[in-house]
Every structure is written in structure tokens, then in C-alpha cells.
Protein chains: 2
Amino acid sequence: MSADDEFDIIERYFTRLMDDPDVLVGPGDDAAVVRARGDFAIAVDTLVSGVHFPREMKAESIGYRSLAVNLSDMAAMGAMPRWMTLALTVDDPGAAWLQAFSTGLFELAERYDVSVIGGDLTRGPLAVSVQIIGQVDGQALTRSGATSGDDVYITGGVGLAAAGLSTFGRSSVDSASALLRRSFERPEPRVDAGIALRGLASAAIDVSDGLCADLGHICERSGCGAVIDVDSLPLDPIVDAGFDHDTALAFALGGGDDYELCFPAPSDRRESVASALRSVGAAARRIGEIKAETGIVCRSATGVIEPPAAGFKHF
Amino acid sequence: MSADDEFDIIERYFTRLMDDPDVLVGPGDDAAVVRARGDFAIAVDTLVSGVHFPREMKAESIGYRSLAVNLSDMAAMGAMPRWMTLALTVDDPGAAWLQAFSTGLFELAERYDVSVIGGDLTRGPLAVSVQIIGQVDGQALTRSGATSGDDVYITGGVGLAAAGLSTFGRSSVDSASALLRRSFERPEPRVDAGIALRGLASAAIDVSDGLCADLGHICERSGCGAVIDVDSLPLDPIVDAGFDHDTALAFALGGGDDYELCFPAPSDRRESVASALRSVGAAARRIGEIKAETGIVCRSATGVIEPPAAGFKHF
């Protein structure tokens with residue numbers, strides 16, 4: 001495979017342009033050209049092997065996850081993903097690796113109708129940087145609109161990915177662990193939910209650093225705080241069965257990588273929120289409330305729980 | 001410095017938003033949001049330490065060059081650069097490194113009025129991935145419009161960067177070598193020239209892989225070939241003085257990294273091309289002609305010169 005040069009590899013594995021009349025120039029020139037009319041959300045996320053995912057993770061999962069975490073940023077803005085570029089740095093991958101990576105990536109790209117309009121393939125320690133551009137019709141969801149009294153929601157389970165990540169390195173993996181690991185490897189970006197929440201949620205973020213940390217980001221930007229009702233957290237039965245309760249709680253409050261949407265919304269919009277989510281086959285659970293006092297408090301029937309240490313340290 | 005987390009570092013070194021009313025949401029949210037009306041060129045380029053630049057290269061030059069090579073892609077499309085995202089992977093850089101990198105990057109960003117709208121900072125082996133978005137008013141320059149009979153131009157000297165790159169690793173560097181090395185470290189993207197050439201050049205590319213290789217890319221896309229008149233090449237006197245003539249020619253024809261624009265244009269537009277470039281303080285030299293027969297032929301008064309081996313192997 002190393003005989004292939006960049007151009008052949010891009011042509012063979014990464015050129016699968018969607019049917020998009022707004023892509024005027026696709027891959028293979030100095031830049032792509034798109035026709036854009038409106039407001040666009042733009043994000044970039046890099047996954048480095050051994051830092052953001054275990055070195056043993058399969059190529060297909062790396063491809064899938066690289067796009068998933070970026071789609072999740074679009075979801076958190078309420079944006080409809082449109083175009084992506086891929087900067088892939090990899091050392092002597094071989095045809096099977098490239099094919100598997102491409103399969104994982106395009107599984108999601110095709111599901112969300114995202115065109116890969118360009119990229120850069122370089123040799124070096126494995127890292128994947130995806131840039132994504134999505135269209136925002138109306139007002140984007142940001143982190144800064146939360147107000148005291150808002151409900152706080154989460155779209156799905158929390159802590160599954162962290163539990164899954166903890167199973168890497170084990171020599172044997174039972175079916176429960178395999179399921180959890182899948183949550184880490186193949187998070188489901190909540191794109192449709194994000195779009196449905198535009199105009200309803202007062203802010204939004206995707207849970208990548210951990211629930212407390214990410215809700216904290218919203219609160220910092222919004223100048224407020226929040227209480228999390230720990231008893232209402234959607235703890236997964238598999239996590240609860242496979243780990244002691246404190247560990248399961250730590251995964252839920254402090255573990256990242258779930259890529260669920262956490263969002264506040266005014267309490268008089270409960271029905272609208274539920275019905276908007278239902279219309280796209282999604283759901284969310286109320287897990288707390290925005291408060292005027294800054295800081296994140298985790299409360300259960302038995303008292304206040306010390307929030308876990310800071311979220312994922314990026315750096 | 002390692003106590004700083006991603007958010008502090010981005011805030012301190014990379015948040016210098018230009019005054020752009022089309023940036024609706026800047027750095028610090030899940031994504032930036034821009035208002036876009038028209039056609040936009042989008043490119044991404046990754047520079048990996050030890051692959052695309054010597055490990056000993058200074059942080060300021062790394063910052064400068066990371067943006068320069070992307071601005072050069074905008075130049076080659078005739079696009080006006082607008083916004084960029086930065087994905088920086090670096091291991092324990094320290095404040096001085098970050099400050100120097102940022103200084104080099106923003107020197108160019110400010111000169112071209114490019115807003116850094118977002119990014120991602122990750123820990124790992126040094127690599128910089130810049131994604132750039134530029135506005136195209138009118139028809140973008142692509143690689144595919146060359147026609148037999150077109151003149152072939154280059155905007156500046158060729159081979160300087162390759163000569164400069166060859167001086168890395170030397171224990172002592174004289175002033176001539178320092179000047180050449182600067183050509184490698186701080187290429188001047190021909191943004192104004194690219195914009196001026198819209199509607200005049202029939203195609204364009206920036207010389208990153210080497211003159212023959214890059215002109216070859218235009219010819220492949222356009223279904224034609226070209227003759228390069230080697231005697232007309234703008235060889236630099238410093239290169240000619242510091243290296244034997246064959247090496248100097250190999251740098252000029254095969255060395256990459258000059259980031260000059262190579263472009264064909266119809267021969268009846270010679271005056272328009274010259275005057276359009278003059279109006280932005282640029283110039284270009286005619287160095288050959290597009291031919292119907294495919295392939296790149298390098299010809300001098302003494303006969304045909306074997307073109308150098310393939311351009312920069314990306315992979």
C-alpha cells in the first residue's frame with residue numbers, strides 16, 4: 001500500500017461525493033468550492049491515537065468516531081451538517097486499514113448526507129482532524145443563553161462511554177463490556193435532536209468532557225449555576241450491574257465521551273420540548289435546574305454528592 | 001505551562017478575533033457561526049514535524065508557515081481568505097513556544113485579515129492542521145482550464161525554498177543560507193495575485209510539490225501537457241552561487257515549498273495579465289507553454305533536460 005501516493009489513496013478511499021449541487025468544486029483541486037447562503041456553524045476536532053482513543057481501537061471505529069464527535073458539535077449548535085474536510089495523519093496504514101477507516105467514516109457521512117469535499121493525507125503518528133460545516137436556519141444554539149429556573153435535560157444515557165473506555169486493555173471482553181465499549185467507539189450524534197431544539201432550548205452543549213464539566217461550560221458562559229438531581233440521572237443498568245454504584249455515578253457525572261446533548265430550556269416549554277424531540281424520534285430526561293448562584297451542585301435524596309474532579313483534560 | 005488547560009491556552013494565545021461582522025459566534029462554543037453569502041473555497045493542510053518541516057524549525061516559523069501554506073491554497077483558487085480554524089497537536093510546549101507560534105500565525109492572519117474562529121488543542125506529537133475558508137467573487141481558478149497554446153507563468157523565484165530546506169542540519173549558517181532558509185520558513189502566499197488573476201488565468205496551482213509536479217497536476221486535470229523553457233526560469237542568484245548548476249536546476253524544477261503561483265493564460269492576454277498583477281504589486285514570468293500532447297517537457301538551448309523525479313511524496 002505504501003506504493004500508493006496521496007492522490008491515489010484519496011481517490012480510492014475518500015472520494016465519494018454526495019449529490020450536492022452546492023459543491024461547485026470537489027476534492028482534487030487546491031481547495032473545494034461550495035455555494036453558501038445563510039449562517040454556517042464551523043467546528044474542528046482532532047482525535048490523537050493513545051490520547052483520545054486507545055491504540056487498540058479498530059480502524060472502522062476510528063473513522064466512525066472521528067466524524068461522530070464533529071457531528072455532535074453540529075448537533076450542539078442546532079446545525080444541519082453539510083460538508084467536511086478530513087486531515088488524516090497515519091503511518092503506513094495498509095489497504096485494509098484505509099478501507100476499514102473509510103467504511104466507518106462514510107457510514108456516518110452517508111447517514112447524515114455530509115459531503116467529504118477535501119482533505120489532506122500526511123504520514124506521521126496517527127491523528128484524525130475533521131472540520132465540519134453545517135447550516136443554521138434561524139438562531140444557533142450556543143452555550144450562553146441559560147437562565148435561572150430553566151430545566152436541565154440530557155438526551156440519553158450518561159456514563160456508558162466512560163464505562164466502555166474502562167474495558168479497553170482487558171484480555172477478555174464479555175457481551176456487556178462489548179456493548180459498553182460500543183458506546184465509546186460509536187457514539188450517536190444527536191443531530192436531529194439539536195435541530196429540533198432550535199428556538200426551544202436556551203443553550204446546548206454535547207457531553208464530551210463529562211456531564212458536570214460540560215454543564216459547567218454552559219453555566220460559565222451564561223453566568224449562572226446548576227443543580228443536578230443525581231437520582232434522576234439515566235444510569236444504564238449495564239453500567240450499574242458491572243460496576244459499584246460510586247464508580248457508576250463517577251462515570252455518569254464525570255466521564256466524558258457520551259456525546260449526548262445537555263441543554264437547559266424554560267420550564268414552561270416542557271411540552272414543546274418533548275413533542276419537538278418526539279417528532280424526530282428522540283427523547284430527553286430532566287435532570288436538574290439552572291440556578292442563579294454559580295457552580296454545579298450534585299444532589300440526591302441522601303444529600304449533596306461531591307462532584308467528580310474536573311472533566312477531561314484536553315491538555 | 002502544563003498546568004494551563006486547553007481553554008486558558010486558547011484564550012491567552014489564540015483569541016484575537018478580527019473585526020468581522022460576519023462572525024456571529026467566535027471561539028469558545030461548540031462551533032463558530034459565520035454569515036456566508038456567495039461561493040467559498042475551503043482547504044485544509046496539515047504540517048507534521050519532521051515530515052513537512054525540520055524538527056529544529058522555530059515555533060514562530062511553524063506558526064507562520066502553517067497559515068501561509070493554507071493562504072497559498074486560497075491564492076491558487078483566486079479566493080479572498082476570511083476565516084480559519086486551527087487544530088494544534090503539541091506535547092508540553094511551554095509558554096514561550098506557544099507565544100512564538102501564535103506570533104508567527106497572527107502576523108499573517110492580521111496581514112490578510114483572517115479571523116481565527118475556532119480550533120482544537122490536543123496533546124501529542126507536533127502537528128498543525130489549519131482549515132481555511134475564503135470568499136470567491138466570480139469564477140474560482142481551478143486546475144482544469146488550461147488549453148494548448150496558453151502561456152505558462154510563475155509569480156516569483158523557484159527553488160529557493162528547496163535550497164533553504166537543504167541548509168537545515170548544518171552546524172553553521174552563513175547569511176546566504178539564512179536568506180534561503182527564510183524562503184522555506186516564511187513563504188509569501190500570493191493571495192493578491194491570485195485574486196487579480198481571476199478571469200485572466202485559465203488555471204492555477206501553487207507550487208508546493210515542485211514546479212514540474214504541480215504544472216503536471218494542472219495538465220492532468222486539463223487533459224494536456226506543457227513545455228518548460230528552462231532558460232527562462234527565474235533562478236535565484238543566491239541559489240546559483242551556493243550550489244552547482246545541476247543542483248540549482250533540480251531545486252527549481254523538482255523542489256517544492258516555494259508557494260509561488262504557477263498558471264497558464266491565453267497568449268492574447270499577456271498585457272492584461274501583466275497589468276492586473278502590477279496593480280497589486282506583483283509580477284510573473286513566462287516560463288513555457290501548454291501543449292496538446294500530455295507530459296511535461298523541460299527544454300533549454302542545449303536540449304531536453306530530464307525532468308526531476310516525482311514531486312514531494314505526500315505519503
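At what angle do the axes of H2(B) and helix H3 (residues 95-111) of chain B cross, and within what distance do they come? They cross at roughly 30° and come within 6 Å. Axes are lines fitted to C-alpha atoms, for helices over the stretch in contact, and angles run from 0 to 180 degrees between N-to-C directions.

This is a predicted model, in which local features need pLDDT of at least 70, side-chain atom pairs count only at pLDDT 80 or more, and totals for chains, interfaces and linings use all residues. Residues are numbered from 1 along each chain as its sequence is written, chains are lettered from A and ligands numbered from 1 in the order in which they are written, and side-chain values use heavy atoms, with hydrogens and water left out.

**Helices H2 and H3**

Helices (H or I, at least four residues) and strands (E, at least two) are DSSP runs, numbered from the N terminus. Helix H2 of chain B covers residues 59-77, and its 19 residues should span 27 Å at 1.5 Å a residue; the end C-alpha atoms are 28 Å apart, which agrees. The expected span is 1.5 Å times one less than the number of residues. Of the 19 residues of H2(B), 18 are buried. Buried means under 20% relative accessible area, exposed over 50%, and partly exposed in between (1.4 Å probe, protein chains only). After H2(B) comes B:Gly78, with a positive phi near 70°.

The crossing of H2(B) and H3(B) is right-handed, that is, the near helix is turned clockwise from the far one by less than a right angle, whereas anticlockwise would be left-handed. Residues of H2(B) in this contact (heavy atoms within 4.5 Å) include B:Ile62, B:Leu67 and B:Leu71, and those of H3(B) include B:Trp97, B:Phe101 and B:Leu108. By class, the contact has twelve nonpolar, four polar and three charged residues. Here Ala, Val, Leu, Ile, Met, Phe, Trp, Tyr, Cys and Pro count as nonpolar, Asp, Glu, Lys and Arg as charged, and the others, Gly among them, as polar.

In chain A, H2(A) and H3(A) pack at about 30° with axes 6 Å apart, and their crossing is right-handed.

**Relation of the chains**

Chain B is superposed on chain A by a rotation of 180° with 0.0 Å of shift along its axis, at an RMSD of 0.0 Å. The two copies are thus related as by a two-fold rotation axis. The C-alpha of B:Arg37 is the one in chain B nearest the axis, 2.3 Å from it. Both copies use the same surface, since 100% of the contact residues of chain B recur in chain A. Superposition is by least squares on the C-alpha atoms of residues with pLDDT of at least 70 in both copies.

**Individual residues**

Most residues other than glycine have a negative phi. Two aspartates have a positive phi: A:Asp92, at about 50°, and B:Asp113, at about 60°.

| Residue | Location | Relative accessibility |
|---|---|---|
| A:Asp92 | loop between E3 (80-89) and H3 (95-111) of chain A | 49%, partly exposed |
| B:Asp113 | loop between H3 and E4 (115-122) of chain B | 53%, exposed |
| A:Ser272 | helix H10 (residues 270-279) of chain A | 35%, partly exposed |
| A:Ser49 | loop between E2 (32-48) and H2 (59-77) of chain A | 11%, buried |

Leaving aside neighbours within four places in sequence, A:Ser49 is in contact with A:Arg55 and A:Leu126. A:Ser272 is 73 residues from A:Gly199 in sequence, and their C-alpha atoms are 10 Å apart.
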